[in-house]
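Q: Please take a close look at a single buried charged residue in this structure and describe its surroundings. Please then relate that place to the other parts of the chain that can be described with confidence.

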Amino acid sequence: MEDSYCPDCKRLTEIVFDHSAGDTICSECGLILEAHSVDETSEWRTFSNESSDHDPNRVGGPLNPLLADGGLSTTISKTNGGSNELLSCSLGKWQSRSANPDRNRIQAFKSIAAMADRLGLVTTIKDRANEIYKKVEDQKPLKGRNQDAILAACLYIACRQENKARTVKEICSVVNGATKKEIGRAKEFIVKHLEVEMGHSMEMGTIHAADYLRRFCSNLGMTNQAVKAAHEAVQKSEELDIRRSPISIAAAVIYIIIQLSDDKKPLKDISVVTQVAEGTIKNSYKDLSPHLSQIIPSWFAKEEDIKNLHS
């Protein structure tokens with residue numbers, strides 16, 4: 001109970017809340033101090049079919065502006081027995097037969113979400129990929145094309161635009177039914193169509209070796225000191241004229257730092273984690289080797305150790 005001023009009692013009295021009527025009542029004289037008030041506290045009532053289920057949901061999903069109905073349509077599900085099973089099945093069949101303009105788009109969004117979850121991507125990247133897919137689908141050029149490759153390409157572009165780059169190989173690893181080459185072609189196709197729609201070149205974001213570095217180091221179980229040294233080395237390597245892809249530079253720098261650290265790891269493990277061929281890592285290392293004293297932090301390795309590694 002709480003205290004409130006009662007105009008009849010002329011003083012503070014204890015009040016009682018009648019939640020069913022929404023009334024606030026003085027406990028001494030019975031005067032209704034406030035009628036039909038709205039309870040603004042959380043209502044953790046169970047809305048699931050089974051009373052034993054723990055379902056503390058109060059509302060449905062959020063409004064989705066990418067769908068024609070805002071994502072607020074109702075889906076009739078099948079019941080698990082009971083007198084309403086026949087009616088529910090009949091209504092479900094009629095609903096499935098009716099035209100739903102968002103049916104394919106909803107399925108595409110689910111596929112994008114599943115791929116993003118497997119890659120550990122944040123919601124902003126999922127939303128950006130959904131937006132890209134909608135823009136492409138609105139132009140209706142997708143008929144006859146590999147849908148899996150299109151969805152994967154949308155996710156790849158979204159990662160680039162959000163500065164959370166993933167390699168095509170990483171994207172390909174979570175896609176069923178699309179090769180690396182098909183995803184690459186789909187990416188070029190999407191970029192071309194969106195640039196025509198916008199009337200200018202599409203911003204994709206610049207890829208740096210550092211974009212991949214921390215993820216690779218974490219997957220290899222490297223120490224914090226080794227990760228910090230690798231990050232500094234990668235940043236210094238960008239000042240050099242090394243004509244290698246960012247992911248090859250990242251893999252080569254990791255290989256160098258691991259060779260200088262106490263926790264040695266085989267080249268094969270680095271190749272598996274970075275998805276860069278062992279030969280490519282070795283060739284990138286050869287390109288960096290003349291500059292080791294310049295890029296390796298002095299606090300991490302002695303000059304003598306660096307020279308021994310180079311030799």
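A: **A buried arginine and its surroundings**

In this predicted model, Arg 166 is buried yet takes part in no salt bridge, and the nearest side chain of opposite charge, that of Glu 170, is 4.6 Å away. A salt bridge would need a side-chain nitrogen of Arg within 4 Å of a carboxyl oxygen of Asp or Glu, so the 4.6 Å to Glu 170 does not qualify. The relative accessible area of Arg 166 is 10%, and Arg 166 counts as buried because the limit is under 20%.

Arg 166 is found in the loop between α4 (147-161) and α5 (168-172). Leaving out residues up to four places away in sequence, Arg 166 touches Leu 119, Leu 121, Tyr 156, Cys 159, Ile 171, Tyr 212 and Arg 215. A further relation across the sequence is with Asp 211: Arg 166 and Asp 211 are 45 residues apart along the chain, while their C-alpha atoms are 8.4 Å apart in space.

The loop that holds Arg 166 also holds Asn 163. The phi of Asn 163 is near 60°, a positive value in a residue other than glycine. Most residues other than glycine have a negative phi. With a relative accessibility of 53%, Asn 163 counts as exposed, whereas Arg 166 is buried. Another positive phi, also near 60°, belongs to Lys 10. Lys 10 lies in the loop between β1 (2-6) and β2 (11-18) and is exposed, at 61% relative accessibility.

Among the contacts of Arg 166 is Cys 159, which belongs to helix α4. Cys 159 is buried, with 0% relative accessibility. Apart from neighbours within four places in sequence, Cys 159 is in contact with Leu 121, Ile 125, Lys 164, Ala 165 and Arg 166. Leu 121 is thus touched by Cys 159 and by Arg 166. The C-alpha atoms of Cys 159 and Gly 205 are separated by 9.1 Å, although these residues are 46 places apart along the chain.

Tyr 212 is another contact of Arg 166, and it leads to helix α7. Tyr 212 and Phe 216 are 4 residues apart in that helix, which separates them by about one helical turn. Tyr 212 is buried at 4% relative accessibility, and Phe 216 is buried at 1%. The structure holds 4 aromatic pairs. One of them is formed by Tyr 212 and Phe 216, whose ring centres are 6.0 Å apart and whose planes meet at 10°, so the pair is stacked. Trp 299 and Phe 300 form an edge-to-face pair, because their planes are at 85° with ring centres 5.9 Å apart. Trp 299 is partly exposed at 38% relative accessibility, while Phe 300 is buried at 17%.

Two rings also have a charged end over them. The charged end of Lys 228 sits over the ring of Trp 299, 5.4 Å from the ring centre. The charged end of Arg 145 sits over the ring of Phe 189, 3.7 Å from its centre.

Helix α7 also leads to the wider packing of the structure. In soluble globular proteins, nonpolar side chains tend to be buried together. The largest nonpolar core has 40 residues, of which Met 222, Val 253, Ile 254, Ile 257 and Ile 296 touch the most other members. Two or more residues of this core come from each of α7 (210-220), α8 (224-237), α9 (246-260), α10 (267-274), α11 (278-288) and α12 (292-295). Helix α9 gives the most, with 12 residues. Met 222, one of the residues touching the most other members, is in contact with Cys 217, Val 227, Ile 254, Ile 257 and Ile 258 when residues up to four places away in sequence are not counted. A second, separate core of 37 residues includes Ala 108, Ala 152, Phe 189 and Val 191. Phe 189, a member of this second core, is also the residue whose ring lies under the charged end of Arg 145.

Key. Residues are numbered from 1 along each chain as its sequence is written. This is a predicted model: local features need pLDDT of at least 70, side-chain atom pairs count only at pLDDT 80 or more; totals for chains, interfaces and linings use all residues. Side-chain values use heavy atoms; hydrogens and water are left out. A nonpolar core is a set of buried Ala, Val, Leu, Ile, Met, Phe, Trp, Tyr and Cys residues joined through side-chain atoms within 4.5 Å. Buried means under 20% relative accessible area, exposed over 50%, partly exposed in between (1.4 Å probe, protein chains only). Contact means heavy atoms within 4.5 Å. Lys and Arg count as positive and Asp and Glu as negative; His and the chain ends are not counted. Rings of Phe, Tyr and Trp (its six-membered ring) pair if their centres lie within 6.5 Å; planes under 30 degrees apart count as stacked, over 60 as edge-to-face and the rest as tilted. A charge sits over a ring if NZ of Lys or CZ of Arg is within 6 Å of the ring centre and within 35 degrees of the ring normal.
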